[in-house]
Amino acid sequence: MLPWTVIGLALSLRLARSGAERGLPASALQGDLLFLLDSSASVSHYEFSRVREFLGRLAALLPVGPGALRASLVHVGSRPHTEFPFGQHSSGSAVQDAIRAAAQRMGDTNTGLALAYAKEQLFAKAAGARLGVPKVLVWVTDGGSSDPVGPPMQELKDLGVTVFIVSTGRGNLLELSAAASAPAEKHLHFVDVDDLHIITQALRGSILDAMWPQQLHASEVTSSGFRLAWPSLLTADSGYYVLELAPSTDPGATRRQQLPGNATGWAWTGLDPDTDYDVALVPESNVRLLRSQHLRVHTLPEETGPELIVVSHARPRSLRVSWAPALGPDAALGYHVQVGPLRGGAAQSVEVPAGENSTTLQGLAPGTAYLVTVTAAFRSGRERALSAKACTPEGERSRAPRPQPQRTGGREP
């Protein structure tokens with residue numbers, strides 16, 4: 001088994017219980033699912049065919065139908081292209097056949113452009129999208145993009161879209177973890193293209209979970225905020241929502257937000273870490289009486305970066321740097337280690353993945369004082385850093401030539 005397959009297994013084998021496994025009828029599920037497929041020239045024809053087969057099998061396992069789950073496919077290339085819109089196919093097998101018939105578009109890998117296009121498709125009536133239903137994006141990529149992905153992906157998540165990423169290449173773990181919905185271990189999969197079948201059932205279960213917000217619930221919980229979502233209870237014409245938030249220890253410090261009747265989500269930010277918050281969703285309807293919904297959410301402990309840096313194995317041209325890693329439920333996505341001479345000069349950087357807490361800095365100068373800075377990067381976008389001084393020893397000095405006896409001109413005895 002290839003190394004990246006092993007990583008994919010570790011990230012994906014936390015199989016979520018689907019709505020069907022909870023005994024809920026498939027007819028109760030509603031949502032819009034958009035497959036974003038890398039169809040550019042960076043993907044070989046063989047890889048494209050394997051991914052296409054994987055998405056087809058996944059679609060066949062989903063309860064696609066009128067008034068239930070709808071699916072659409074958009075290609076990533078020089079320009080985004082819609083293979084089929086929402087509502088065109090009324091069964092999982094029909095979606096499977098349409099995916100299998102899709103031809104590779106080639107061109108550049110303009111994923112950012114395709115994500116902006118996907119946002120329009122997910123919320124456009126002309127594309128068959130529906131208001132007030134859960135939105136899910138499944139992006140399959142070989143790990144590369146010709147344009148920035150972060151900003152358009154964040155816009156999608158800010159609108160309440162749940163983002164799953166399947167990487168079949170050696171993509172940047174930190175970037176893809178930040179792009180996927182939280183937690184990354186449920187929404188990000190690294191899998192070799194020949195082993196995609198391994199994650200099919202796990203991904204299906206996660207998609208069904210994302211399509212089933214039957215009541216007020218929280219997601220993307222960090223140390224300073226969380227996102228709320230709820231089912232469509234009102235319309236823009238039938239009423240509005242009042243959302244209330246208060247620390248459980250201080251109910252008097254209540255924050256309120258009024259939202260239109262077609263809203264199905266809201267993100268609270270600027271909260272205190274490691275704190276219980278009581279949330280109330282109050283539907284105010286001029287048509288019928290609706291009960292309020294309540295939820296308690298606990299924010300994660302404050303993100304803590306490295307608390308100790310240890311320098312060891314000092315050599316004239318290298319240093320070993322270790323640190324106490326960021327621990328807990330909101331542990332760092334990775335570390336950025338920078339070293340530069342104290343008296344000025346060019347600095348060098350090393351990226352260290354999450355789970356590791358040491359690295360060897362090479363190419364240093366002998367007998368030089370350096371400033372070493374270790375920065376932990378978190379999913380929320382914040383960073384925590386710690387610095388320490390370190391010195392490389394002098395290099396081995398060449399031995400001075402041994403003095404020779406002076407001759408006076410006479411003959412030696």
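This is a short tutorial dialogue on reading features in a predicted model.

User: Before the details, what does the protein chain contain in helices and strands?

Analyst: Happy to start there. This is a predicted model, and its protein chain holds eight helices and 20 strands. Buried residues account for 45% of the 413 residues in the protein chain. Among contacts between residues at least 6 apart in sequence, 69% join residues at least 24 apart.

User: Let's turn to charges. How many salt bridges does a search of the whole structure find?

Analyst: The general idea is that side chains of opposite charge can pair when their charged atoms come close. Here, a search of the whole structure finds eight salt bridges. A good one to look up is R130 with D32, whose side chains meet at 2.9 Å, N to O. This pair links distant parts of the chain, 98 residues apart. R130 is in the loop between α4 (111-123) and β4 (135-141), while D32 is in strand β1 (residues 31-38).

User: Are R130 and D32 buried or exposed?

Analyst: R130 is buried, and so is D32. For D32 the relative accessibility is 0%, and buried means under 20%, so D32 counts as buried.

User: Which residues are linked with D32 in a network of salt bridges?

Analyst: D32, R130 and K135 are linked in such a network. You have already met the R130 and D32 pair; the side chains of D32 and K135 also meet in a salt bridge, at 2.7 Å, N to O. That pair again links distant parts of the chain, with D32 in strand β1 and K135 in strand β4, 103 residues apart. K135 has a relative accessible area of 5%, so it is buried.

User: Where does the charged end of K135 sit?

Analyst: Besides its salt bridge with D32, K135 has its charged end over the ring of F123, 5.3 Å from the ring centre. When you select K135 on screen, look for both D32 and F123.

User: Now for aromatic rings. How many aromatic pairs does a search of the whole structure find?

Analyst: A pair of aromatic rings is described by the distance of the centres and the angle of the planes. In this model, a search of the whole structure finds three aromatic pairs. Take W266 and W268: their ring centres are 6.2 Å apart and their planes stand at 75°. Planes over 60 degrees apart count as edge-to-face, so that is the label for the W266 and W268 pair.

User: Are W266 and W268 buried, exposed or partly exposed?

Analyst: The two get separate labels. W266 counts as partly exposed because its relative accessibility is 27%. W268 is buried, with a relative accessible area of 4%.

User: On to sheets. What is the order of strands in the open sheet of four strands?

Analyst: To read a sheet, follow the strands across it and note which ones lie at the edges. Here the order is β10-β9-β12-β13, with antiparallel pairing. The edge strands are β10 (255-260) and β13 (293-298), each of which pairs on one side only. From one strand to the next, the twist averages 20°.

User: How many bridges join strand β12 to β13?

Analyst: Six bridges join strand β12 (residues 276-285) to β13, and the two run antiparallel. To line them up by eye, find Y277, which stands opposite V297 in β13.

User: Which side chains meet R256 in a salt bridge?

Analyst: R256 meets the side chain of E244, at 3.2 Å, N to O. R256 is in strand β10 and E244 in strand β9 (residues 239-247), twelve residues apart. R256 has 55% relative accessibility and therefore counts as exposed. E244, at 24%, counts as partly exposed.

User: Last topic, backbone angles. Which residue has a positive phi of about 55° although it is not a glycine?

Analyst: That is D274, in the loop between β11 (265-268) and β12. D274 counts as partly exposed because its relative accessibility is 47%. H313 is another residue other than glycine with a positive value, its phi being near 50°. H313 lies in strand β14 (residues 309-315). With a relative accessible area of 54%, H313 is exposed.

Technical notes: Residues are numbered from 1 along each chain as its sequence is written. This is a predicted model: local features need pLDDT of at least 70, side-chain atom pairs count only at pLDDT 80 or more; totals for chains, interfaces and linings use all residues. Side-chain values use heavy atoms; hydrogens and water are left out. Rings of Phe, Tyr and Trp (its six-membered ring) pair if their centres lie within 6.5 Å; planes under 30 degrees apart count as stacked, over 60 as edge-to-face and the rest as tilted. Buried means under 20% relative accessible area, exposed over 50%, partly exposed in between (1.4 Å probe, protein chains only). A charge sits over a ring if NZ of Lys or CZ of Arg is within 6 Å of the ring centre and within 35 degrees of the ring normal. Two strands pair if DSSP finds at least two bridges between them. Axes are lines fitted to C-alpha atoms, for helices over the stretch in contact, and angles run from 0 to 180 degrees between N-to-C directions. A salt bridge is a side-chain nitrogen of Lys or Arg within 4 Å of a carboxyl oxygen of Asp or Glu. Contact means heavy atoms within 4.5 Å.
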